[in-house]
Amino acid sequence: MKVQKYITVMFIILAFISGCRKKPEPLDASDFILYNSTDTVTLESFYPDFSYSKSEIPMENNYVGEIYLGGHMYKYFQHDYEDFDLFTSNYKYDQRDRDIDYYYIVQITLKTDALQTSRGITVGSRLQEVTALYGDGIRIENGSYKGLMDVIYEYDGREITFLVDDEQKVVQIILSAS
């Protein structure tokens with residue numbers, strides 16, 4: 001009888017503690033910025049204004065391709081850095097009152113722990129840290145990339161995706177705009 005009361009009391013205490021956990025803040029524009037002590041990389045920022053403390057890795061051709069939507073052509077370019085890859089585009093220039101030749105950062109793929117999210121997550125963080133700071137994610141998919149799990153969050157036409165390996169570690173972080 002004492003054991004049953006003890007288990008019941010412990011269950012009530014644990015339920016209370018888990019209910020008192022602070023709920024993660026909803027996403028906002030600051031969640032689409034990566035930074036460290038010297039650099040900032042912001043999704044949807046104007047690429048010609050972009051600078052980083054390490055040089056871009058030269059590519060023979062960084063042109064990725066183009067898509068046609070609603071009579072408009074949108075071009076994409078890739079820019080590789082040691083710590084991340086960027087994709088730039090003039091995507092939706094017509095809908096955003098931009099010049100056709102203005103290119104913005106539309107995807108950031110973080111490959112190392114050199115930068116972190118505004119909530120402190122970086123490559124190498126644990127999935128438990130991600131969910132504690134961001135919540136459970138709007139979608140969790142079995143990723144097609146090397147069998148990784150994708151934990152995805154959305155805000156205002158943007159996504160942040162944490163690619164997680166079978167040891168529950170973040171191996172890439174992707175910020176993307178649509």
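Biologist: Which residue in β11 is the bridge partner of V164?
Modeller: V170 is the bridge partner of V164 there. Keep in mind that this is a predicted model.

Biologist: How many bridges join β10 to β11, and do they run parallel or antiparallel?
Modeller: There are 7 bridges between them. The two strands run antiparallel, and β11 covers residues 170-177.

Biologist: What about the turn there? Which residue takes a positive phi in the hairpin of β10 and β11?
Modeller: That's Q168, with phi near 70 degrees. This hairpin has 5 residues between the strands.

Biologist: And on the β9 side, how many bridges join β9 to β10?
Modeller: 7 bridges join them. β9, residues 149-155, runs antiparallel to β10. As one pair, I152 has T161 in β10 as its bridge partner.

Biologist: How many residues sit between the strands in the hairpin of β9 and β10?
Modeller: 2 residues. D156 takes a positive phi in that hairpin, near 50 degrees.

Biologist: Is β10 mostly covered or mostly open?
Modeller: Mostly covered. β10 spans residues 158-164, and 6 of its 7 residues are buried.

Biologist: New topic. Where does E82 lie?
Modeller: E82 is in a loop. The loop links β4 (72-80) and β5 (84-89).

Biologist: What does E82 touch, leaving out residues up to four places away in sequence?
Modeller: K54, I57, K111 and T112.

Biologist: Take T112. How many residues apart along the chain are E82 and T112?
Modeller: They are 30 residues apart along the chain. In space, their C-alpha atoms are separated by 8.2 Å.

How values were computed: Residues numbered from 1 in each chain as written. Predicted model: local features only at pLDDT ≥ 70, side-chain atom pairs only at ≥ 80, totals over all residues. Heavy atoms only, no water. Helix = DSSP H or I, 4+ residues; strand = E, 2+ residues; numbered from the N terminus. Contact = heavy atoms within 4.5 Å. Buried < 20%, exposed > 50% of the residue type's maximum accessible area, 1.4 Å probe, protein only. Pairing = 2+ DSSP bridges.
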